[in-house]
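I sat down with this one to look up cores, domains and the chain contact. Here are my notes, in the order I made them.

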Amino acid sequence: MSVHRRKNKLFETELVKEAVKQSFKKLNPVVQFRNPVMFTVWVGTLVMACVIGWIATGETSQGSLAYNIIITGVLFITLLFANFAEGIAEARGKAQADSLRKAREDTPAKKIFPVGEMYVNEVHIVPSSKLELGDHFLCEAGDIIPMDGEIIKGIATIDESAITGESAPVIREAGGDKSSVTGGTKVLSDRIEVKVTTQPGETFLDKMIALVEGASRQKTPNEIALTILLAAFTLVFIIVCVTLKPFGDYANTPITIGAFISLFVCLIPTTIGALLSAIGIAGMDRALRANVITKSGKAVETAGDIDTLLLDKTGTITIGNRKATNFYPAIGIKESEFVEMVVLSSLADETPEGKSIVELAASNGVKPFADTSNMRFIRFTAETRSSGVDLPNGTKIRKGAFDAIWNIVSKNGNGIPVETEEKVKLIAQNGGTPLLVCVNNEAKGVVELQDIIKPGIQQRFERLRRMGVKTVMVTGDNPLTAKYIAEKAGVDDFIAEAKPEDKMNYIRKEQQGGKLVAMMGDGTNDAPALAQADVGVAMNSGTQAAKEASNMVDLENDPTKLIEIVEIGKQLLMTRGTLTTFSIANDVAKYFAIVPALFIASIPSLQALNIMNLHSPESAILSAVIFNAIIIPLLIPLALKGVAYKPIGASALLRRNLLIYGFGGVIVPFIGIKLIDLLVSIWF
Amino acid sequence: MTTEIAGIIFMYAFTLALAIPIGRYIGKVYEGEKTWLDNILHPLDKIFFKLGGINPINEMNWKQHLAALLTINLVWFILSMLILMNMGWLPLNPDDNPSMSADLAFNTTVSFVSNTNLQHYSGETGVSYLGQLTLMLFQFISAAAGMAACATVFIAMKERTTENLGNFYNFFIKSCTRILLPMAIVVALMLVFNGTPMNFEGKAQYISLQGDTVHVSRGPAAAMIAIKQLGTNGGGYYGSNAAHPLENPNYFTNIVENISIILIPIAMVFALGYIIKRRRFAWMVVGVMTLGFLFLLFNAVYNEMHGNPMISRIGISQPLGSMEGKEVRFGPAASAYWEVTTTVTSNGSVNAMHDSFTPLAGMSALLGMMVNSFYGGVGVGYLNFYVFIIIAVFISGLMVGRTPEFLGKKIEAKEMKIASIIALLHPLLILSGTALASYLYAHNPDAYSGWLNNPGNHGFSEMLYEFTSSSANNGSGFEGLGDNTPFWNIACGTVMLVARFLPIIGPVAIAGILAHKKFIPESAGTLKTDTGTFGIMVFAVIIIVAALSFFPALTLGPIAEHFGMK
């Protein structure tokens, strides 16, 4: 599948401009209050501004004016950086969604005005924004579909490349599971009548845009729990800093307000506090980049926890159709002769199976006949379950399901050779489908059809297994075939001869065992199971009911998308966890920078604690605050891209991340603060 | 010197070797399985159940557990206040010791009910035998209350999805009769055979070689000492605690008592492993605790054995190390070992003067109490550790890309809220208490001159130590602090009370809520909590949350003092 992914650089000029504007707008205390960590920095900056005023009026105990102005400035920049992180994440998400939305804005719509049963309905062109829920509109070849809806009449080929990037046209028709059309896509042929199924401004895309924008963005449960932890850390450090004042009094060490606030801002987890909302937004944005529209941030998070994945066999595990893989002539029949007959019978066979027979024969060196004028072809029907050809010389060749051909053969008093019958059984046992071939009512051999497992799918399942996700194949095949394919593809379990309620029951059973289940579906009869699943992904081509019941919609209709979604969910949580660890680990170095600086004037022996050998108390404090500020923009790319997920098992992953972000988080600030100090010490 | 080191290595190895089978035994007791003491002790349990009208198989949910715990503590609180304030005229007072003042009685009662045993009085002159017996009773029941709460958490961790977490009274009584009582009898007998008094007679009198008349206090000492060590109580019979020659007569009793101090706290973790059938998990917990313990121990032993640099500077050699404030029969290594064991476990009995330890060794004691979960008090030590596990699970769960779960239960906002409050509480109480005292002293040194025997950094350490010891429910004193004043009695009393019950309520609530949740089976993506990596994570959380928040305070106390001495 040729997928064109909207790619853009992390920092496009347009987006950066918007984000900078937002950084200032978000200084509003009401906005800041949503994030307890950054709110305390906001208050600290305000206090420092007052201190500057105080010094300006002649106060001398708080250090030099320049020093205090710089601290205030750095704190202010810290706030801006945090706002910028959120701003750029929002801008990216919005730009992504906008590009999808743009396509359908103000397209002319041929709205149908019903005028009763006697007269023909009138059609008027109105702007798409005037369409409302329940309206009907008409689309003909060349029209852009103005609005999401469901086809109520007609069939059409539609170019969905604007949404999915897939250039091959798809067929959509009224009734059944492929009745949904998306605004912004183009009708290539035929004519359809469509009913609007969503209120303007309430399409999935609109919901998604609202999720990305600050206003309606709800914190997810996990984000709330993390915010509580971060608030607790902030409180601990408020206690540490406030009690330091009487401690200082006791030790006859005056501590300036600037030093207090610097220590406080450095200790609280500003890094993760500043990036937390950006991480959440970026998670949804990454889903959107994978052409998946999520209805809530929670759904992305839940995806990371999925234990069981229900996948349809056809299209996900196997390439849509079966292919011929072998010819087995009956004893006494020459192979070349047999192949020739089979090819003859398949010449006019338009089914994929028929085509694959011709292909296989061609690869065996049998060329199709050029002249087919006098042949009479018998098409495949569901009743006869066979197809074939009557040659001009009267030879009748038939091929089809075992029982269908057996009927023909036995009716004419012939039997089927034992070897051929055994071959048939063997093929079925190996997950294949045997096609029996008879010539003039005599069985001549078997063609083996096999499901072709998608290349690379085994590795993907292996990857899922290492992530701890159990894969379940859902198929209408009989248990024997299903088992064979399941083993070959490497799925953990399968549901054979599956009916819609089987999926539902399987999901329920897994959930009762405490597992989280994801599934993908498109049909209306999938809707209950999609609703029951913890993460239900509907294909965009699916019915409205299926889309309503699910938490995500995949614009590309790609059944393997679930695998990607699981990884996006995991990445989201991991990014939060690793940056929290990094942020807190940074405290070690910051303590060693600031604490000696606070007391060194009155207790010179504490110089021994100044293990970074920072130049002076002022330079030490400034370096720590500056490091604390610039680490935020440095980590924005990581927050937006997410920490790479590697399916190496939970323990190994923890070891790896703990080493990089925990141990790294201890070491990096020691180096960073020292380097900044070298620079700052020129002035302080 | 090598003998001294060998002595403490032996003590630790022997403790660990004992803790494993005893942990198994404790696990069996809480699980209600058969043990070899059933035949002897079953009738005793029956008497208690009958007296209390308790049906031991009546299951309770976590709220009922906490209600039971708090109610019985309230009853003891009132009973103890009454006895301590009236013991002067009550029986069993051959030495005519006076009743306590209201604020001292409050402090003492809270101190014993909360398993702290901070003593702002001296045993010989401050309490009657009735008072001592009352306090001894509390040494049993406060320890058992902590163990019962811990058992509740164990059961909650074991269960898949349930509200029923066993019967609190059953855990409580069995903790007393099946665990503490038999062990206390064994320890007390060893002490009696080594010369510790065990009677109800008044002071003995003799005339020393110098011709002075000496009064020697006697009484039911051995019984109290046994339980004070086993139950991580620490409240001594005599004022100078286990440094007193009758309370801790020789190196052998020192070994016995010191093993008793950390035996049950370690055994409780093995009991956990037995109950939840995850031995590796128990070893992870013990491993993290031991790692922290060894850091503190090494620091203390090293500094004590190297003596005081200021004494070296005036040309006096210290071949034994720093001997100030130590008993010659124990020496610096065994004293330092005791110092660290007694502070990490919230025991608080002392066999040397903590005030006289070198500054960094003193910091080991402070850090042990600040963390309060490197083994920790009986029962409550694991409860504190549990909170750190929850926080570590949360962060590391995120790091592996899954909503954090612990033993199959999801950790969500509510549990994080409780865990955060509990983790916050300890720094809050210690730092704000010390800040209040520093503030008062700094702004009016004359009015509070009676508080501090030492000025400067050491004085600061004394105040910090007192609040740390109260908040950790440890009960040891840095001494040198004039602490029997209304300020210290009431401030420390309040801190002890809050620091005792909230850290029990929190973990029991978390465990109860988790037990009620849906059980999620393990998969390859699930974070394993019984690995070394996770252990390091827990250790890091403890260091950053518990230890580093005290870094500025420690800098002004022991660290400044240490560098000042060089």
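**Cores.** I began with the largest nonpolar core of this predicted model. I found 350 residues in it, and those with the most contacts inside it are Ala85(A), Leu275(A), Ile594(A), Val625(A), Ile390(B) and Ile391(B). Helix α21 of chain A, residues 561–599, gives the most to this core, at 21 residues. I also noted that domain 1 and domain 3 of chain A each supply at least three residues to this core.

I then picked Val625(A) and listed its contacts, leaving out residues up to four places away in sequence. Val625(A) touches Ile71(A), Val74(A), Leu75(A), Ser262(A), Val265(A) and Cys266(A).

A second core is separate and has 28 residues, including Phe327(A) and Val446(A).

**Domains.** For chain A, I wrote down four entries from the domain assignment: domain 1 (13–96 + 208–291 + 567–680), domain 2 (110–143 + 148–197), domain 3 (306–318 + 454–565) and domain 4 (324–450). Between the centres of domain 3 and domain 4 of chain A, taken over C-alpha atoms, I read 34 Å. Their contact takes five residues from domain 3 and four residues from domain 4. On the domain 3 side I have three nonpolar, one polar and one charged residues.

**Chain contact.** How many residues of chain B are in contact with chain A? I got 56, against 60 residues of chain A. On the chain B side, α14, α15, α18 and α19 each give two or more residues, and α15(B) has the largest share with 16 residues. By class, I noted 36 nonpolar, 15 polar and five charged residues on that side of chain B.

How values were computed. Residues numbered from 1 in each chain as written. Chains lettered and ligands numbered in written order. Predicted model: local features only at pLDDT ≥ 70, side-chain atom pairs only at ≥ 80, totals over all residues. Core = buried A, V, L, I, M, F, W, Y, C linked by C-beta atoms within 7 Å. Buried ≥ 20, exposed ≤ 12 C-beta atoms within 10 Å, placed from the backbone. Helix = DSSP H or I, 4+ residues; strand = E, 2+ residues; numbered from the N terminus. Domains from an automatic or database assignment. Contact = placed C-beta atoms within 7 Å. Nonpolar A, V, L, I, M, F, W, Y, C, P; charged D, E, K, R; others polar.
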